[in-house]
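The exercises below go with the model shown here. Work through each task with the structure open, then compare with the solution.

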Amino acid sequence: MEALIGKTFSEITKIVQDIAAPKFVSKQLCDWIYKKRVSDINSMTNISLKVREILSQQYTIGHIPHTKEVISKDGTRKYLFEYFGGVLVEAVLIFDNDRTTLCISTQAGCKMNCAFCATGKMGFVRNLTSHEIINIYSDLDAHINSVDKRLSINNIVFMGMGEPLDNFDEVRNVLDILTSDWGYALSPRRITVSTCGFMPNLKEFLDKTNTDVAISLHNAIKEERKNIMPVDKAYPIEEVVKLLRSYDWTKQRHLTFEYIVFKNLNSSASHVNAIARLLNGLSCRINLIPFNTVPDTPFVGADKSEMQAFATKLKNKGFNVTIRQSKGSDISAACGLLSTKENHNK
Ligand code: SAH
């Protein structure tokens, strides 16, 4: 049986053609799947019984509930999904005033192997399908609404497990479903896709989607970035920034550079100068991220005063700088701690 959630309007249209149903059924199907969010095909009451029967022979809605929930002291919630082939995937909900942010995963594991990231350490398992990624959103949006009627996911960051642009065929469909009127109709201003600078699909991503963009920078000195982020050897950050410069970031679409501040490692005057050279004149924000300690790595996070001093130096160069509040570290739900290698199955 094939799942209907995770299918784009054109894929649904193709299904409708294949079963020789009237054309208008495509729109009705999308409404039932993404707006009314029914859990079975039989509930689609304005679609003829015959069409529902034919559809049910091959398709299901495809809802896969999460199998585990852990709640942090600060309210952050981490979820586990068990997908086809025993694949384990994590997602996180972060609450901040009236903002509910979903941190979503696009791959089980990751190929990028950044030296400081727990997901990188677990290696690559496989790409998630559009169905599996959309299922995370639809399951958790319904779940959190059932916990508290006032809550729904109003922000999505692609900062969970995996490199979104290394699974772009599926991620493109996911973004289409999340932002289209026939889908969940979320504003692209509520969605941020984070990438380490994986160039092969970057241009297409920038051209064909309209979400906000975050680039994991972490070091602007060439030799140093290569050592902590192997992706830089194949796709140097200068090339990434060169491409980014050909887009307009002064209007609605925002560009952020993420920068983990390590203790005595990447926040000296020469690092500030390297950042200033790299990003000179580019309209963007620099978001400083506290390091979440990953076992078996030599990295140590900078303390608050070191981060603050670095932020000031960057601001003095004219940059718009923010410091990210890290949440959920007590349940390994914080940035870079998502790993399904040892945390589960115990
Ligand atoms: N692959 C994408 C998205 C996943 S990671 C990317 O690289 O952007 C989301 C963010 O968390 C990235 O900026 C990543 O570098 C950062 N991160 C990874 N490990 C971390 C850790 N241990 N502490 C804090 N941030 C981390």
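**Exercise 1: Helix H12**

H12 is followed by Gly-318, whose phi is positive, near 100°. The model is a predicted one.

Task: Check the length of helix H12 (residues 304–316) against the expected span, state which of its residues are buried, and name the elements that cover them.

Solution.

Step 1. H12 has 13 residues, and at 1.5 Å a residue these should span 18 Å. The end C-alpha atoms of H12 are 18 Å apart, so the model agrees with the expectation.

Step 2. The buried residues of H12 are Glu-306, Met-307, Phe-310, Ala-311 and Leu-314. They cover an arc of only 135° around the axis and therefore lie on the same side of H12.

Step 3. Turned away from this buried side is a face that carries the exposed residues Lys-304, Ser-305 and Asn-316.

Step 4. The cover over the buried residues of H12 includes strand E12 (255–261), helix H11 (269–279), strand E13 (285–290) and strand E14 (320–323).

**Exercise 2: The sheet**

Task: Give the strand order of the 10-stranded open sheet, identify its edge strands, and describe how H12 packs on the sheet.

Solution.

Step 1. The order is E3-E4-E5-E6-E9-E10-E11-E12-E13-E14, with mixed pairing.

Step 2. Strand E3 (68–71) and E14 each pair on one side only, and these are the edge strands.

Step 3. On average, and with direction ignored, neighbouring strands of this sheet are turned by 20° against each other.

Step 4. H12 packs on the sheet and touches E12, E13 and E14. The direction of H12 makes about 170° with that of E13.

Step 5. For an example of parallel pairing, take strand E9 (residues 155–158) and strand E10 (residues 191–195), which are joined over three bridges. Val-157 has Thr-192 in E10 as its bridge partner.

**Exercise 3: Strand E5 and its neighbours**

Task: Describe the pairing of E5 with E4 and with E6, and decide whether E5 is enclosed or open to the outside.

Solution.

Step 1. Strand E4 (residues 77–83) and E5 run antiparallel and are joined by seven bridges. Within this pair, Lys-78 stands opposite Val-92 in E5. The hairpin of E4 and E5 has three residues between the strands, and Gly-85 takes a positive phi near 80° there.

Step 2. E5 also pairs with strand E6 (residues 99–103), in the antiparallel sense and over five bridges. Here Ile-94 is opposite Thr-101 in E6. The hairpin of E5 and E6 has two residues between the strands, and Asn-97 in the turn has a positive phi of about 50°.

Step 3. Eight of the 10 residues of E5 are buried, so E5 is largely enclosed by the rest of the structure.

Step 4. Two residues of E5 can be looked at singly. Leu-88 lies in E5 and is buried because its relative accessible area is 11%, under the 20% cut-off. Glu-90 lies in E5 (residues 87–96) and counts as buried, since its relative accessibility is 0%.

Step 5. The side chain of Glu-90 makes a polar contact, at 3.2 Å, with the side chain of Lys-78.

**Exercise 4: Helix H11**

Task: List the buried residues of H11 and the elements they pack against.

Solution.

Step 1. The buried residues are His-271, Val-272, Ala-274, Ile-275, Ala-276, Leu-278 and Leu-279.

Step 2. These buried residues of H11 pack against helix H8 (222–228), helix H10 (237–244), E12, E13 and H12.

Step 3. Just after H11 comes Gly-281, with a positive phi of about 80°.

**Exercise 5: Positive phi outside glycine**

Task: Locate Ala-20 and Asp-296, and decide for each whether it is buried or exposed.

Solution.

Step 1. Ala-20 has a phi near 55°, a positive value in a residue other than glycine. Ala-20 is in the loop between helix H1 (9–18) and helix H2 (25–35). Its relative accessibility is 69%, so Ala-20 counts as exposed.

Step 2. Asp-296, also a residue other than glycine, has a positive phi near 65°. The loop between E13 and H12 holds Asp-296. At 80% relative accessibility, Asp-296 counts as exposed, the cut-off being over 50%.

Definitions and conventions:
Residues are numbered from 1 along each chain as its sequence is written. This is a predicted model: local features need pLDDT of at least 70, side-chain atom pairs count only at pLDDT 80 or more; totals for chains, interfaces and linings use all residues. Side-chain values use heavy atoms; hydrogens and water are left out. Helices (H or I, at least four residues) and strands (E, at least two) are DSSP runs, numbered from the N terminus. Buried means under 20% relative accessible area, exposed over 50%, partly exposed in between (1.4 Å probe, protein chains only). A polar contact is a pair of N or O atoms within 3.5 Å; within protein, one must be able to donate a hydrogen and the other to accept it, and residues adjacent in sequence count only if both atoms are side-chain atoms. The expected span of a helix is 1.5 Å times one less than its number of residues. The arc is that of the directions from the helix axis to the C-beta atoms. Contact means heavy atoms within 4.5 Å. Two strands pair if DSSP finds at least two bridges between them. Axes are lines fitted to C-alpha atoms, for helices over the stretch in contact, and angles run from 0 to 180 degrees between N-to-C directions.
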